[in-house]
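Please look through the structure shown here, beginning with its strands and then turning to its charged side chains.

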Amino acid sequence: MQLRDYQNEIADRGAELLARHKLCYLAMECRTGKTLTALACAARHGAKSVLAISKLKAIPSILADHAALNPPFDLDAVNYESAHKVDPKKYDLIILDEAHSLGSYPKPSKRAKSVKAICKGKPIIYLSGTPTPESYSQIYHQFWVSSYTPFKAYATFYKWAKMFVNVEAKMRNGTLINDYSNARKGMIDAVVKHLFIDYTQQEAGFTANIEEYVLEAPMGDWTRKALRTLERDKVLELPGGGVVLADTPAKLLGKLHQLSSGTVIDEDGNHHITDAFKALYIAVVFRESKKAIFYVYQTEAEMLKEAFPKWTDVPEVFQASDDPELVFLGQVRSAREGVRLDTADALIFFNLEYSYLSYEQGRNRLSSKERERPAQIYFLCSDCGIEADILAAVHAKTDYTYQWYKNKSRAL
C-alpha cells in the first residue's frame, strides 16, 4: 500500500517526536487516514511489537490496515474494555485510538487506570480527530496514562487544575459543586502543543462537503399530550399499562427525550414503543436512498427493525452492498467512531445525544477522500419534542474541537 504524501510526512514527524519525547498525538480529522499514518509512524520508530487499543467496531479496520501496509512489526488490536487482559511485557509501543475517550475528569476513569498500567514505560501514539470534544480539561488524563506525561509535575487532576483551570462554583440539582470545565487553553498549549501533529480534511484534499439538514416529523396527538402531561404532572400513565415517573429534573429530561422520538421505559423497566411516526417518516422520505440510521435508545432500534426488515449493523456488509433497501442501523455511541459508511446516500440521526462527540464523529462517517458527492446528514426532530433544543446545545460546544486546528503551524 502506498501512503499519501501527507501521511508519510506526518509519520516522519511523529517518529521524531517519539524519539525525543516518547509521545506524539496525531490530531487528524476524521477519515484522513489516522490509523495507517500511526502504523507507518510506529514502523519508522523501529517498533517490533505494537498494541493498538480502540473501540470494538474499529478493530477489523485496524487489522486490515496492518495487513495492507505490512510493516515490520507484530500487531495486536483490542478494545478498551478488554485491554486489562493483555500482557504489557509483549509490546514496545502502544497506539491509543480515539484517545479522547480517556479524558474524563476530575477523577480518572476505570478505562484510564487500566490503560495507564499497560502503558507504563512505553512510548505512545495518540489518535483522535476530536482531542477535547467538550472541554480542554479532557486533555489531562489522556497524558496522565503515560510515564512521560508533560504534566508530570501535577500528580492529580486537582493539582493540575489549580494552574490550568478557572475553577467555578456552580449549583447542580440544588448542590454547590466545583466546575472544572473552563480550562486555560493558552497555558495548556504552551506545555503540550509541540506533541501534536494536526491535519484537516481540507488539507487532505477532501472535496465533498458535509451538508447538514434538520427535518421535522409531525408526531401523533398522543405524543404531544403525553409530553405536556409529563412536564406538568411529573407522572404519565401509559395506555397499555405502566407508569412513567419523572420526579427529578434529570429524570424528567430523560423521559422527555425518550418520548420525543416515540419510546419510553416505565418504572418497572418495561420498554414501550409509543409512536412509530419517525420511523415511518424515514421510510417514506428516504424511500429511494441508501441510508444509514443512528439511534440512541435500544427500543428505538426495535422500532427501526420493524420499519426496515432488511437491515444490518455490520458496516462492512453495508459498505459492500449496492442494495438500496439494505439499511445500516447503529447506536450512535458505538458507531460514531472507527466505522466507515461513505457508500450511503444519507446518514440520518433518528435521535440525538447531549454530546458534541457523538455529533461530530457521527456526522463524519460519510466522509472520505474518495467521495465526490456531498455527504448529506439529517437530524430528524419531532414537531413537539426536545431534539431541536439538544441539537442547539450540541452546536454550542464545537469550539472545543476546532480550536486544535485553528491558527495551526504549516510545517508540513
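The report below describes a sheet, a helix that lies across part of it, and several salt bridges.

## The model and its open sheet

The coordinates come from a predicted model, and every description that follows should be read with that in mind. One feature to find at the outset is an open sheet of 6 strands, whose order is β3-β2-β4-β5-β1-β8 and whose pairing is parallel. The strands at its edges are β3 (74-79) and β8 (196-199), and because each of them has a single partner strand, one side of each is left without a neighbour in the sheet. On average, neighbouring strands of this sheet are turned by 15° against each other, when direction is ignored.

Within the sheet, strand β2 (residues 49-54) runs parallel to strand β4 (residues 93-96), and the two are joined by 4 bridges. To locate this pairing in the structure, one may start from Leu51, which stands opposite Ile94 in β4.

## A helix across two strands

Helix α3, made up of residues 59-69, lies across β2 and β3, and its direction is at about 170° to that of β3.

## Salt bridges between parts of the chain

Side chains of opposite charge can pair when their charged atoms come close. In this model the count of salt bridges comes to 17, and among them is the one between Lys278 and Glu387, with a distance of 2.7 Å from N to O. This pair links distant parts of the chain, since Lys278 belongs to helix α11 (residues 277-285) and Glu387 to helix α16 (residues 387-395), 109 residues apart. Both Lys278 and Glu387 are buried.

Another salt bridge is formed by the side chains of Lys310 and Asp323, at 3.0 Å from N to O. Here the partners are 13 residues apart, with Lys310 in the loop between α12 (298-307) and β15 (311-312), and Asp323 in the loop between α13 (315-320) and β16 (327-331). Lys310 counts as partly exposed at 39% relative accessibility, and Asp323 is likewise partly exposed, with a relative accessible area of 24%.

## A network of charged residues

Glu168, Lys170 and Asp179 are joined into one network by salt bridges that share partners. Within this network, the closest N and O atoms of Lys170 and Asp179 are 3.0 Å apart. Lys170 has a relative accessible area of 33% and is therefore partly exposed, whereas Asp179, at 9% relative accessibility, counts as buried.

Methods. Residues are numbered from 1 along each chain as its sequence is written. This is a predicted model: local features need pLDDT of at least 70, side-chain atom pairs count only at pLDDT 80 or more; totals for chains, interfaces and linings use all residues. Side-chain values use heavy atoms; hydrogens and water are left out. Two strands pair if DSSP finds at least two bridges between them. Axes are lines fitted to C-alpha atoms, for helices over the stretch in contact, and angles run from 0 to 180 degrees between N-to-C directions. Contact means heavy atoms within 4.5 Å. A salt bridge is a side-chain nitrogen of Lys or Arg within 4 Å of a carboxyl oxygen of Asp or Glu. Buried means under 20% relative accessible area, exposed over 50%, partly exposed in between (1.4 Å probe, protein chains only).
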